[in-house]
Amino acid sequence: MAFRGPFQLFGLERSFFTRKMEATFRAMGVDYEFRLKTQARTEWLEARAGTHLIPVVLTPEDWMLWDSTPMAFDLERRFPGRNIVPTSPVQRMACLLIEDWVDEWLPRVAVHSRWMYDDNAAAIARSLGTNVAGFWVGEEIPQDKEPEVAFIADFIRNGFGNRACNGLAATSAEEGPIRAGFDHQLDLLAAIFETQPFLFGDRISLADVALVGAFVSHFLGDPEPRTWVEARQPSLVAWVERAFHTTVGEEDWLPDDALNPLLFPLFDEIAREFHPHLAATYSAMSAGSKRFEMNLDGRDVEFMVVPYREASRQFVRDEFLQLDATSEAKVKEVLGSRGLLDVYQLEPLATFHHQSPAGTRHPVL
Ligand SMILES: N[C@@H](CCC(=O)N[C@@H](CS)C(=O)NCC(=O)O)C(=O)O
């Protein structure tokens, strides 16, 4: 690479996707600097990146990028040999299916556990306010900066926190099912990591990295869900610690494109709520709706449409469409036969565009 220098990762310490991107850099052994998206840098960053979302990444060429999945694929092209997306077809598709679930469905647990518990919400709002005011969590804040930290913390908690929970139906009314689902997910993950270091064998993958980001930012970073993990599957604390400190080397994924049989109960879990949710989002977007209701285990639950779901659905779909005939047959046999590809085979929505003035991937108005 002609241009040298670290990638600069702009985000916040308690942000789900900032930590996913950080975990990606770490797993691939790519030189990066974690810089805070402070109030003072916001105008510049948003003008350069064209989005208010975090993280954004300034590349060595001085390009400002956003969106963790395509950025991970960009790193794959830049650093061959350090790849974390499996190259054999079944493992590759399985990795993308799990990554999509982590990115698009675990945020429901993440926002619920963050904002629906008073002590947790207060502590994390303060951490976010601390970062936005220009300080790292744990750093001493000068007395004259205290009002600014408190103001930003209140603003985030009352504005963003409640809105995020309502949109994802992650409110107190859903506490029971969200907790039960998360406990089950922890059980499934712990069972896999008892048999092998990472989801697809000895080598860390993009799906592992997405999980690491979720745990570092929220499930272990937040006091409330941390107690849930510690009570249910404490071995995952050590797994996250190890994975966050792993850089790819010569390790391999399982031979012959095999999947650990323990991944299939995880796929059942992914198909239980997330795939119906993706299908319902697709129908709502097709109808031009901004909200929709879907049935979750007997309950009618209302969600806001998240247009980005269509973007990530198309990323996975495009990977599937690129397979040669032999690979496609194998992927269909192992994953398609279980219905895991159905929602990804729906045609791209004509009204959806990856480029938009809002910079968040939106329907065309
Ligand atoms: N698809 C994006 C998602 C980025 C994202 O949603 N970031 C969250 C923080 S973790 C955010 O900026 N939320 C602010 C908002 O939704 O207004 C990625 O993978 O980077």
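This is a conversation about domains, helix packing and a ligand shell in a predicted model.

Colleague: What makes helix 4 and helix 14 oblique to each other?

Modeller: Helix 4, residues 89–104, and helix 14, residues 325–334, pack at an angle of about 55°, and their axes are 9 Å apart. Angles under 35 degrees count as roughly parallel and those from 65 to 115 as roughly perpendicular, with over 145 reserved for roughly antiparallel, so the rest are oblique. An angle of about 55° falls in that remainder, and therefore helix 4 and helix 14 are called oblique to each other.

Colleague: What is the hand of the crossing where helix 4 passes helix 14, and which residues make the contact?

Modeller: The crossing of helix 4 past helix 14 is right-handed. Helix 4 brings Pro 89, Val 90 and Met 93 to the contact, while helix 14 brings Ser 327, Lys 330, Val 331 and Val 334. By class, the residues in this contact of helix 4 with helix 14 are five nonpolar, one polar and one charged.

Colleague: Why is helix 8 called roughly antiparallel to helix 12?

Modeller: Helix 8, residues 175–195, packs on helix 12, residues 263–286, at an angle of about 160°, with 9 Å between their axes. Since angles over 145 degrees count as roughly antiparallel, the value of about 160° makes helix 8 roughly antiparallel to helix 12. The crossing of helix 8 and helix 12 is left-handed. The contact is formed by His 184, Gln 185, Leu 188 and Ile 192 from helix 8, together with Leu 263, Pro 265, Leu 266 and Glu 269 from helix 12. Its residues divide by class into five nonpolar, two polar and one charged.

Colleague: How do you know which residues surround the ligand?

Modeller: The criterion is a C-beta atom, placed from the backbone, within 6 Å of the molecule. The residues around the ligand are Ser 15, Phe 16, Phe 17, Leu 53, Ile 54, Asp 67, Ser 68, Thr 69, Asp 103 and Tyr 308. Helix 1 (16–28) and helix 3 (68–78) are the elements that each give two or more residues to this shell. By class, the shell has five nonpolar, three polar and two charged residues.

Colleague: Where do the domains lie along the chain, and what separates the centres of domain 1 and domain 3?

Modeller: Domain 1 covers 7–78, domain 2 covers 89–112 + 173–363, and domain 3 covers 117–169. The centres of domain 1 and domain 3, taken over C-alpha atoms, are separated by 21 Å. Their contact takes seven residues from domain 1 and nine from domain 3. On the side of domain 1 that touches domain 3, three residues are nonpolar, two are polar and two are charged.

Key: Residues are numbered from 1 along each chain as its sequence is written. This is a predicted model: local features need pLDDT of at least 70, side-chain atom pairs count only at pLDDT 80 or more; totals for chains, interfaces and linings use all residues. Domain bounds come from an automatic or database domain assignment. Two residues are in contact if their C-beta atoms, placed from the backbone, lie within 7 Å. Ala, Val, Leu, Ile, Met, Phe, Trp, Tyr, Cys and Pro count as nonpolar, Asp, Glu, Lys and Arg as charged, and the others, Gly among them, as polar. Axes are lines fitted to C-alpha atoms, for helices over the stretch in contact, and angles run from 0 to 180 degrees between N-to-C directions. Helices (H or I, at least four residues) and strands (E, at least two) are DSSP runs, numbered from the N terminus. A crossing is left-handed if the near helix is turned anticlockwise from the far one by less than a right angle, and right-handed if clockwise.
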